[in-house]
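Trainee: I have a new structure to read and no plan. Can you take me through its features one by one?

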Amino acid sequence: MEASRKIKNKVSAGFKMRGLILRPEASRHLVEVLESVDPSQLDDVIERVLDAVEKQPLSSSMIELSVVETAVQDCSQACDENIDNVFNIIGAFDVPRYIYSVERKKFVPISMTSHPPPSLCALARDKAELFRERYTILQQRTHRHELFTPPAIGAAVDEGQNKFQLKTIEALLGSTAKLGEVIVLGMITQLKEGKFYLEDPSGTVQLDMSKAQFHNGLYTESCFVLAEGWYEDSVFHVNGFGFPPTEPSSATRAYYGNINFFGGPSTTSVKASSKLKQLEEENEDAMFVVVSDVWLDSVEVMEKLNVMFSGYAALPPTCFIFCGNFSSAPYGKTQNKSLRESLKTLADVICAYPSIHSSSRFVFVPGPEDPGPGAILPRPPLAEHITEDFRQRVPCSVFTTNPCRIQYCSQEIVIMREDLVNKMCRNCVRLPNSNLDVPNHFVKTVLSQGHLTPLPLYVSPVFWAYDYALRVYPVPDLIVFADKYDPFTITSTDCLCVNPGSFPRSGFTFKVYYPSNRTVEDSKLQGL
């Protein structure tokens, strides 16, 4: 009895701390459940239950019995991690939608907001919301960076001298005097031909970039920048452009907890699972083979794939990731039919190697010139009538969206098939400086923007309501940019960024990823 009263007091105190009140029947149910918990773990379990309660759409601060029952169920499921969470392929249209709430300073699921569910035929507000959400995410990340956090009260004077303060464009436009040394977070736009502006949710200001220095990165229209300079007579004279600071995934999760931003069946982030982490480290044979531009109608490509399968037959990889384009000569009225025949030929080749057919998974990511609805991202999978025969013969195959996500144990992998490097270089406001090579500039830009295509919508169209599916925030463990540009492997902000290159164009190169030690191996089918 004494123990029950202690638990009841702890529970009611925990709920009160979060501004919530438990109904008597809900309190009784929770006390009954918690009586079986080890006293040393009681505080942690109560915290988990509270988090689960807050994730639900609450109509008031009075917590009903049904809400507590659901929260307890969620927590018990999270504890019983089952083996189904080891490998999951998540299409872009299945990615969970979270919206950053400025008032609550946390991400909330779309079900807890007034936003309508996403639709391909979006409303005009979705287009504005797309850029507003990109801005809000970068703003909260920047404010958390040590250079932009205000000094603690009572801190030494010199400590505050190394800190910066972000201004809004509204604050500039409202000033009649000259403002020196101002830093503004905003988006570069060209509202009039040849004249660039900086835009944020509070307004727009014309830029004078004649003396601006550009730090590392590819600065395109519609990308967000930290602009430093002085303001006078309705013009912002920029001395330097930099990107918002990046943040490793561990720092983001330390702040927002175990929210599953990535998607998949797990109710919480797989990063928090020690079982999956252990499984990942123990399975040293796991490997992912990534090949881009798999031209199935090319005799030479099919021959090389046959060689690849024969090499891997003794130790089949966990997964083959084949990225489009799947035809060397795209378009034309026979494209669908010829692609269907080519997939049948590939099925014949795979069935010739029983070990690979039974053990390996095959993931197909469509390319920009494959049959489908134009160049708008995210791109749906190849049509079912094209892939039907192949899926029947190779049951362990998945035809997914572009981009797509793969969750393997505790790792998060993003796959994107788009010729982005050339697009971004062509649309640069200023050519990048020569401190780094182009791939390094490119990777820095994508991770700083927290988005796979930081380009104007007329260059890289996006379904407005599904723009969130292209986010790379929190930063994943591996991003595969399947691009026709030269192959590269770069690590930045605890994220491995890889381009396997075009298989037929780059002398049959591809990449192999080993999740157990997070390394990438350059591979080439040469002289075979």
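Mentor: Start with a definition. A disulfide is a pair of cysteine sulfur atoms within 2.5 Å. Remember too that this is a predicted model.

Trainee: How far is the sulfur of Cys 497 from the closest cysteine sulfur?

Mentor: The closest one is in Cys 495, at 3.9 Å. That is too far for a bond, because a disulfide needs the sulfurs within 2.5 Å. Cys 497 is buried, with a relative accessible area of 1%.

Trainee: And what about Cys 319?

Mentor: Its closest cysteine sulfur belongs to Cys 404, 9.0 Å away, so again there is no bond. Cys 319 is buried too, at 0% relative accessibility.

Trainee: What does the disulfide count come to?

Mentor: By this rule, zero.

Trainee: Next, charges. What is the general idea?

Mentor: Side chains of opposite charge can pair when their charged atoms come close.

Trainee: How many salt bridges does a search of the whole structure find?

Mentor: The search finds 25. Take Arg 132 and Glu 129: their closest N and O atoms are 3.0 Å apart. Both residues lie in helix α5, three residues apart, about one turn of the helix. Arg 132 is partly exposed, at 38%. Glu 129 is buried, at 13%.

Trainee: Where do Glu 341 and Lys 344 lie?

Mentor: Both are in helix α11, residues 335-351. They are three residues apart, about one turn of that helix. Their salt bridge has its closest N and O atoms 3.8 Å apart. Both ends are partly exposed: Glu 341 at 40%, Lys 344 at 31%.

Trainee: Which parts of the chain does the pair of Glu 280 and Arg 518 link?

Mentor: First the bridge itself: the side chains of Glu 280 and Arg 518 meet at 3.5 Å, N to O. Glu 280 sits in helix α9, and Arg 518 in the loop between β22 and β23. These are distant parts of the chain, 238 residues apart. Glu 280 is buried, at 1%, while Arg 518 is partly exposed, at 32%.

Trainee: Which residues are linked in a network of salt bridges?

Mentor: Arg 18, Glu 47, Asp 51, Glu 54 and Lys 106. Look at Glu 54. It is found in helix α3, residues 42-55. Glu 54 is buried, with a relative accessible area of 18%. Why does 18% count as buried? Because buried means under 20%.

Trainee: Which residues is Glu 54 in contact with, leaving aside its neighbours within four places in sequence?

Mentor: Arg 18, Leu 20, Arg 104, Lys 106 and Met 112.

Trainee: Now helix α5 again. Is Glu 133 buried or exposed?

Mentor: Buried, at 9%. Glu 133 lies in helix α5, which covers residues 124-144. Its side chain makes a polar contact of 2.4 Å with that of Arg 97. Beyond residues up to four places away in sequence, Glu 133 touches Arg 97, Tyr 98, Ile 99 and Arg 471. Thr 136 is in helix α5 as well. That threonine is buried, at 14%, and touches Tyr 100 and Val 102, with residues up to four places away not counted.

Trainee: On to rings. How many aromatic pairs does a search of the whole structure find?

Mentor: It finds 34. In one, the rings of Phe 107 and Tyr 256 have centres 5.0 Å apart and planes at 80°, so the pair is edge-to-face. Phe 107 is in strand β5 and Tyr 256 in helix α8, so the pair ties together parts 149 residues apart in sequence. Both are buried: Phe 107 at 4%, Tyr 256 at 8%. Phe 503 and Phe 510 also pair edge-to-face, 6.5 Å centre to centre, with 65° between the planes. Phe 503 is buried, at 0%, and so is Phe 510, at 5%.

Trainee: Which residues form one aromatic cluster?

Mentor: Among them are Phe 309, Tyr 312, Phe 320 and Phe 399.

Trainee: Where do charges sit over rings?

Mentor: Arg 144 lies over the face of Tyr 255, 4.4 Å from the ring centre. The charged end of Lys 304 sits over the ring of Phe 508, 5.2 Å from its centre.

Conventions: Residues numbered from 1 in each chain as written. Predicted model: local features only at pLDDT ≥ 70, side-chain atom pairs only at ≥ 80, totals over all residues. Heavy atoms only, no water. Helix = DSSP H or I, 4+ residues; strand = E, 2+ residues; numbered from the N terminus. Buried < 20%, exposed > 50% of the residue type's maximum accessible area, 1.4 Å probe, protein only. Contact = heavy atoms within 4.5 Å. Polar contact = N/O pair within 3.5 Å; in protein donor to acceptor, adjacent residues only side chain to side chain. Phe/Tyr/Trp six-rings, centres within 6.5 Å; stacked < 30°, edge-to-face > 60°. Lys NZ or Arg CZ within 6 Å of the ring centre and 35° of its normal. Salt bridge = Lys/Arg side-chain N within 4 Å of Asp/Glu carboxyl O.
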